[in-house]
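Grab your viewer and work through these exercises, each with its solution. Start at the ligand, then move out to the domains.

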Amino acid sequence: MRPDHDRSFDEHNKKDTEQSKEISHPEAAQPSATLLLNAISQQVWTANSAGKLDYVNEVICQDFGHTSETILDYGWKAFVHPEDLNYSTSLWNASVDSGQEYSNEFRLLFADGNYYWHLATAKIVAQSGKSNIWVGTNTNIHNQKTNEARKDEFISIASHELKTPLTTIKGFHQLLLRIADEGRIKDYLERSAGQLLRLEKLIGDLLDVSKINAGKMVLNLEPFNFSDMLKNAIAEMAQIFPSHRLLLQNDCNTVINGDQYRLEQVINNFISNAVKYSPSSDKVEITCTVVEESLVVSVTDYGIGIEESHLKRLFERYYRADNSATRFDGLGLGLYISADIIKRHGGSFWIESSLGNGSVFSFKLPINEGIRFEADIKTDNYYQDRYITISCPVDSDIMHVNWTGYQDMHSVKHGGLLMIEYLRNNRCSKVFNDNRLVPGTWSEASDWAAKVWLPLMELAGLKFFSWVLSESAFSQLSAQKSVENEDKQAEISFFENAEEAMTWLVNSSL
Ligand code: ADP
């Protein structure tokens, strides 16, 4: 049986057709919705608010080689490549639950027996007097995808082929350096060593990127002393870059479980960038501290800096900021690779920078898994641990929330759930949310916050939310992403100044 919703779509179409029949001048007629949907060369579909497919256009029928009745009967999952099915189903379910826009790439089975890559996007559309419907399109991106795969394959083969002769050249070069006497030949050999290193790094980056894209980057995790590795890496980099003093400001004597070689690669990348992008300064500072259950490493330079609008995109493949693209050589791959390595270790990374004033590149790695949250104080209207303080003064409808220190998925979920509990139990409708003491990024938690936490806060009674932002640009980005929910009911405002945030909150009323 076809769902109710399908009937409403058909009725809508029927009405369209009837209306156009009534019009006496065909050239003035409005084309019916079905006619329009079939004229589009893309696959178009709709689903009811529960996520059940209830209409497919003719393009889909032609591509799949079935009638619309059969396709609706089988459901969309019957045409998705088995390898893409689990991921696609969970994405679709998440969108249906939250009402958030759906966007996904998957392979669809066509009548010729082959699978073709498609980009599916869908939005929920409100219908007056009826339940909402999902309107979606699937765009064929097969050529684009296969071209990308060919490019990746070419990069992988080319970098492999380049690596072998380079290794041999390097071997002979080292041999020559050993036997060359002081003089012009030795001088030339020493100068060419730097270029050989550069070539080796470029080829290594290309190889790594092709490994990441093919999902073949494997980490060899084992416990090692992070501090020893850091000191060795700094000593080696100091030899390569005599132009700058590389200063280790504070040391962390910590053993972590990770891939030593890959984490050293991240440090090398941060330090070599710090040197490269600070031609007029001679100092790079490195810090390594243990904060709660995490290790935080920062590399500070006093160089050209980065404009805020570029910050968020720097970890993308091939992305280079305007002010460096023409003046400094590079492929824009190092940070992309570093970000992948850090993420695979369960860590996060962020940048603090301003144009002309230098930059601080940081990353955070978990030392122990399974963070424990122990309350220092817990009463009906007050809660405090080392990540969050919540207070709901009696006779006030404002809940005060103070976040402290680095946050991540665990701490944000823990604090977010406590906020829901205290808001509801104390019947507050306003929240003063202070992030001034939150450095770094916690973007891994922002999707959860937007899709799950915010709707639950609204159900618990939230009406007004004033958010005092951290100074950290990446923390601000995480905050903004946390409320990206088109259906939000509560009024949310961001502030840099705590007094303004409180004034706005006190004066807000329905
Ligand atoms: P590459 O240095 O080869 O371009 P990366 O991926 O390492 O590639 O860096 C990407 C971009 O980030 C650089 O092109 C540059 O614009 C910017 N960048 C990285 N590190 C710094 C830094 N310390 N100071 C200023 N800009 C930087």
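**Exercise 1.** In this predicted model, find which residues come nearest to the ligand.

*Solution.* Begin with the shell, counting a residue when one of its heavy atoms lies within 4 Å of the ligand. That picks out 22 residues, and those that come nearest are Tyr277, Asp301, Arg320, Ser324 and Leu335. Next, sort the shell by class: 11 residues are nonpolar, eight are polar and three are charged.

**Exercise 2.** Work out which polar atoms of Asn273, Arg320 and Leu333 face ligand oxygens, and at what distance.

*Solution.* Take Arg320 to start with: a polar atom of its side chain sits 2.6 Å from a ligand oxygen. Then try Asn273, where a side-chain N or O atom is 2.8 Å from an oxygen of the ligand. With Leu333, look at the backbone instead, since a polar atom there is 3.5 Å from a ligand oxygen. Now for the cover: on its own the ligand exposes 530 Å², and the protein buries 97% of that. Finally, ask which elements give two or more residues to the shell; they are α9 (260-276), α12 (334-344) and β12 (359-366). The largest share, four residues, belongs to α9.

**Exercise 3.** Describe how domain 2 and domain 3 meet.

*Solution.* Set the bounds: domain 1 covers 3-140, domain 2 covers 144-213, domain 3 covers 222-366 and domain 4 covers 377-507. Over C-alpha atoms, the centres of domain 2 and domain 3 are 22 Å apart. For contacts, 13 residues of domain 2 touch 13 residues of domain 3. Together the two domains bury about 1,100 Å², with 56% of it on carbon and sulfur atoms. On the domain 2 side, Asp208, Val209 and Ile212 lose the most area to domain 3, together 40% of what that side buries.

Key: Residues numbered from 1 in each chain as written. Predicted model: local features only at pLDDT ≥ 70, side-chain atom pairs only at ≥ 80, totals over all residues. Heavy atoms only, no water. Polar contact = N/O pair within 3.5 Å; in protein donor to acceptor, adjacent residues only side chain to side chain. Areas by Shrake-Rupley, 256 points an atom, 1.4 Å probe, with all protein chains shown as cover. Nonpolar A, V, L, I, M, F, W, Y, C, P; charged D, E, K, R; others polar. Domains from an automatic or database assignment. Contact = heavy atoms within 4.5 Å. Buried area = accessible area lost by both parts, 1.4 Å probe.
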